[in-house]
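Thanks for coming. I will take one model today and go through it part by part. Please have the sequence and the structure open.

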Amino acid sequence: MSPTLPTKVVIATRESPLALWQAHFVKSWLEKTYPHLSVQLLGITTQGDKILDVTLNKIGGKGLFVKELEQAMSEGRADLAVHSMKDVPMVLPEGFSLAAIGEREDPRDAFVSNRFKHPDELPAGAIVGTASLRRESQIRSLYPHLVVKPLRGNVGTRLKKLDDGEFDAIILAAAGLKRLGLTERIACELSPEISLPAPGQGAVGIEICSDRADLMALLAPFNHAETAACVTAERALSRRLNGSCQIPLAAYATNEEGFLRLRGLVAMPDGSHRVVAESNGSFAAADGLGRIVADLLCTEGAREILKQLAV
Ligand SMILES: NCc1[nH]cc(CCC(=O)O)c1CC(=O)O
């Protein structure tokens, strides 16, 4: 028997402009799909939002953005949580599940600069800001003459630091800029060959308590099968390699004429060593493809990089 759908849902969300945009997007979708459903937002500040003075990899990574939202769900203050899939840990805590992954926005990294159109144009010594080891290591290995400096804060804060002259260019997710109506700030989108995206980049996911069959049914139509398969493959790769913000790891899956193509990358933060691998598979075997490419990365030397990075 199918479960009775709820008449009211509360969405837990972080309060950054991007998180709120995504929560409102899910709220609108719910209201359009279920005209009689009442939908409310519950804004929550997470540890990840409070600690802004250290780079994320030093303070424990992804879990920091989702823990308080999960707490609100287990205490019954909220029914679902909307996340950037990029910020969702590879293994969810016991009792929580992903109910749906929505259609992906542009998954690429964006090069943002007020003076330069492409990283190729940056002169030696130019300062590039990025918060992620993944972006840092890729920029360093392709452009060893540039200086990479850490940059944290929400999208608006990062742009302000660029405009204030602290950086010659910064790298941000194109998806965040596009969602916030800041597309014109993008000088160029970086190809996967220059900057392979993070697992889940550009996709919004909805998390619920695993025992909520009613919400699972409610949210099922939000799921975008192609995006979900891509993100599943990317996350399986990352999980296999113990992916967290602490290691420079990229994984990017695309639909190539009905087949899933997954590319993976592990690199030293200083750019001295980078390992890439890729394979194709069927959409139905996304999880297995992730593990295959992770193991290919290992035969190419990824384990050695991961060992050197283990603290
Ligand atoms: N780590 C923060 C974060 N989480 C999701 C996005 C962008 C949107 C997305 O990838 O869905 C960003 C900002 C950024 O990396 O520039």
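I will start with confidence and domains, then go to the ligand, the cores and three single residues.

This is a predicted model. The mean pLDDT of the protein chain is 93, with 94% of its residues at 70 or more. For the model as a whole, ipTM is 0.94 and pTM is 0.94. One general caution applies: where pLDDT is low, the predicted coordinates should not be read in detail.

The domain assignment splits the protein chain into domain 1 (8-102 + 203-223), domain 2 (109-189) and domain 3 (235-306). Between the C-alpha centres of domain 1 and domain 3 the distance is 26 Å.

Now the ligand. Which residues are around the ligand? They are Ser84, Lys86, Asp87, Leu172, Ala173, Ala175, Gly176, Gln201 and Gly202. Two elements, β8 (169-173) and α6 (174-179), each give two or more residues to this shell. By class, the shell has three nonpolar, four polar and two charged residues. As for domains, at least three shell residues come from domain 1 (8-102 + 203-223), and at least three from domain 2 (109-189).

Next, the nonpolar cores. The largest nonpolar core has 61 residues, and those touching the most other members are Leu80, Ile206, Ala233 and Val266. Helix α8 (residues 225-240) is the top contributor to this core, giving seven residues. Where does the core sit with respect to the domains? Both domain 1 (8-102 + 203-223) and domain 3 (235-306) give residues to this core, so it lies between them.

Take isoleucine 206 from that core. Leaving out residues up to four places away in sequence, isoleucine 206 touches Val26, Leu80, Val82, Leu98, Ala99, Ala100, Leu219 and Phe222. Another core lies apart from the one that holds isoleucine 206; this other core has 20 residues, including Val128, Leu146, Val148 and Phe167.

That leaves the three single residues.

Alanine 286 belongs to helix α9 (residues 286-299). Is alanine 286 buried or exposed? Alanine 286 counts as buried, because it has 21 C-beta neighbours inside 10 Å, and the cut-off for buried is 20 or more. Beyond four places in sequence, alanine 286 touches Ala229, Thr232, Ala233, Ala236 and Leu260. One of these contacts, leucine 260, is 26 residues from alanine 286 in sequence, with 7.4 Å from C-alpha to C-alpha.

Alanine 126 is in the loop between β5 (109-112) and β6 (127-130). With 18 other C-beta atoms within 10 Å, alanine 126 is partly exposed. Its contacts, again not counting residues up to four places away in sequence, are Leu146, Val147, Asp168 and Ala169. Alanine 169 is 43 residues from alanine 126 along the chain, and their C-alpha atoms are separated by 8.1 Å.

The last residue is glutamate 257, in the loop between β11 (249-256) and β12 (259-267). What is phi at glutamate 257? Phi is near 50°, which is a positive value in a residue other than glycine. Glutamate 257 counts as exposed, because it has 6 C-beta neighbours inside 10 Å, and the cut-off for exposed is 12 or fewer.

To go back over the main points: the ligand shell draws at least three residues from each of domain 1 and domain 2, while the core of 61 residues lies between domain 1 and domain 3. That is the end of the walk-through.

Definitions and conventions
Residues numbered from 1 in each chain as written. Predicted model: local features only at pLDDT ≥ 70, side-chain atom pairs only at ≥ 80, totals over all residues. Near = placed C-beta within 6 Å. Helix = DSSP H or I, 4+ residues; strand = E, 2+ residues; numbered from the N terminus. Nonpolar A, V, L, I, M, F, W, Y, C, P; charged D, E, K, R; others polar. Domains from an automatic or database assignment. Core = buried A, V, L, I, M, F, W, Y, C linked by C-beta atoms within 7 Å. Contact = placed C-beta atoms within 7 Å. pLDDT = per-residue confidence, 0-100.
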